[in-house]
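Let's take a friendly walk through this structure together. Have the sequence at hand, and follow along in the 3D view as we go.

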Amino acid sequence: MNEYVLSCCSTADLSKEHFESIDVRYICFHYQLDGVDYMDDLGQSMDFDEFYQRMADGADTKTSQINVDEFLDYFKPMLEDGKDILHITLSSGISGVINSATAAAEILRDEYPDRRIYVVDSLGASSGYGLIMQTLSDMRAEGKSIDEVHEWILEHRLNMNHWFFSTDLTFYIRGGRVSKTSGTIGQFLNICPLLNMDNLGRLIPRYKIRTKKKVYKATVDKMEECAENGLDYSGKCYISMSACMDDAKEVARQIEERFPKLDGKVEINNIGTTIGSHTGPGTVAVFFWGKERVD
């Protein structure tokens, strides 16, 4: 059986150490902060606390996806090393990066006809996308072939549930996800919108909930409703957050209390600089395997 590489974009929002521990490679997105270019390199070049503090202080942020040439340079050494590649991309519902990865793969298939290069749209983001990579790594460790893992993720990617809320609407208003009028009223009324990712991989506002305490509970309620086997859910649960660790810890505590069969503790990660450039500080996202997303 030919050895193969599992690969993703840095927007899967796991730590560098986590990716290394599960032998998953990643390619970095880019962002600008007040006109200065940076790599979205999992907090290596800029600490997440500094990044979010600068956003809170009014810094201007922009992001850019990975281009075809970067993917060519990234994939080529793996192929020259005799490896096949399964690359999972950030959701096409929020980024066009799959187009760059697919174009690069098509070019390289002609150059390396004996190698397999699969590119799959995760239809996911942040540490939900990261939990997908963890699961695929576990399958590879169990001896599953690249074709088996490829077919499995195509069939199950919509079973990765994403539920998240924000306690600060500033950047949702700035990015157009919440209208200025609704956002201003929402901030005045202490609204914490609860959103999820739909079956096209887009971020969709679902509920307007007043106060942090109520949105914590609503998020955990959604996990109970949607998780595989409900309260008997025995898979992993990841949380990602943007400079609001206390909120994330409280949601994790409630999840661990309500789901006693979880596979380990809830893992809390940082929302990376690419996705965080759009959410700003104050977002908590919960990810778990569950019911297929159908809308």
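A salt bridge here is a side-chain nitrogen of Lys or Arg within 4 Å of a carboxyl oxygen of Asp or Glu. By that yardstick, K144 and E142 form a salt bridge, with their closest N and O atoms 3.7 Å apart. K144 is partly exposed, at a relative accessible area of 30%, while E142 counts as exposed at 59%. Please keep in mind that this is a predicted model.

How many salt bridges does the structure hold? There are 21. Side chains of opposite charge can pair when their charged atoms come close. Take D84 and R115, whose side chains meet in a salt bridge at 2.9 Å from N to O. This pair links distant parts of the chain, 31 residues apart: D84 sits in strand 6 (residues 84-89), and R115 in the loop between helix 4 (97-111) and strand 7 (117-121). D84 is buried, with a relative accessible area of 1%, whereas R115 is partly exposed at 22%.

Another pair to find is K212 with D247, where the closest N and O atoms are 3.2 Å apart. K212 lies in helix 9 (residues 212-226) and D247 in helix 10 (residues 245-258), so this salt bridge ties together parts that are 35 residues apart in sequence. K212 is partly exposed at 36% relative accessibility, and D247 is buried at 6%. Some salt bridges also share partners: D84, R115, R116 and D147 are joined into one network in this way.

Now turn to helix 3 (residues 68-80). With 13 residues at 1.5 Å a residue, helix 3 should span 18 Å, and its end C-alpha atoms are indeed 18 Å apart, so expectation and model agree. At the N-terminal end of helix 3, N67 acts as a cap, with a side-chain oxygen 3.2 Å from the backbone nitrogen of D69. Just after helix 3 comes G82, which takes a positive phi of about 85°.

Which residues of helix 3 are buried? They are F71, L72, Y74, F75, M78 and L79. An α-helix has 3.6 residues a turn, so residues three or four places apart point the same way. The buried residues of helix 3 pack against strand 1 (4-9), strand 2 (24-27), strand 6, helix 4 and strand 7.

That packing leads us to the interior. The largest nonpolar core has 90 residues, and F71 is one of those with the most contacts inside it, along with L86, L136, M223, I239, V251 and I255. L136 makes a good stop on the tour: leaving aside neighbours within four places in sequence, L136 is in contact with L6, L86, I88, V149, W152 and I153.

Finally, what about the cysteines? A disulfide is a covalent bond between the sulfur atoms of two cysteines. A search of the whole structure finds zero disulfides. Why is C8 not bonded to C9? The sulfur of C8 is 6.7 Å from that of C9, its closest cysteine sulfur, and this is too far for a bond, because a disulfide needs the two sulfur atoms within 2.5 Å. C192 is in no disulfide either, as the nearest cysteine sulfur, that of C244, is 10 Å away. Are C8 and C192 buried or exposed? C8 is buried, with a relative accessible area of 0%, and C192 counts as buried at 1%.

Key:
Residues are numbered from 1 along each chain as its sequence is written. This is a predicted model: local features need pLDDT of at least 70, side-chain atom pairs count only at pLDDT 80 or more; totals for chains, interfaces and linings use all residues. Side-chain values use heavy atoms; hydrogens and water are left out. Buried means under 20% relative accessible area, exposed over 50%, partly exposed in between (1.4 Å probe, protein chains only). Helices (H or I, at least four residues) and strands (E, at least two) are DSSP runs, numbered from the N terminus. The expected span of a helix is 1.5 Å times one less than its number of residues. Contact means heavy atoms within 4.5 Å. A polar contact is a pair of N or O atoms within 3.5 Å; within protein, one must be able to donate a hydrogen and the other to accept it, and residues adjacent in sequence count only if both atoms are side-chain atoms. A nonpolar core is a set of buried Ala, Val, Leu, Ile, Met, Phe, Trp, Tyr and Cys residues joined through side-chain atoms within 4.5 Å.
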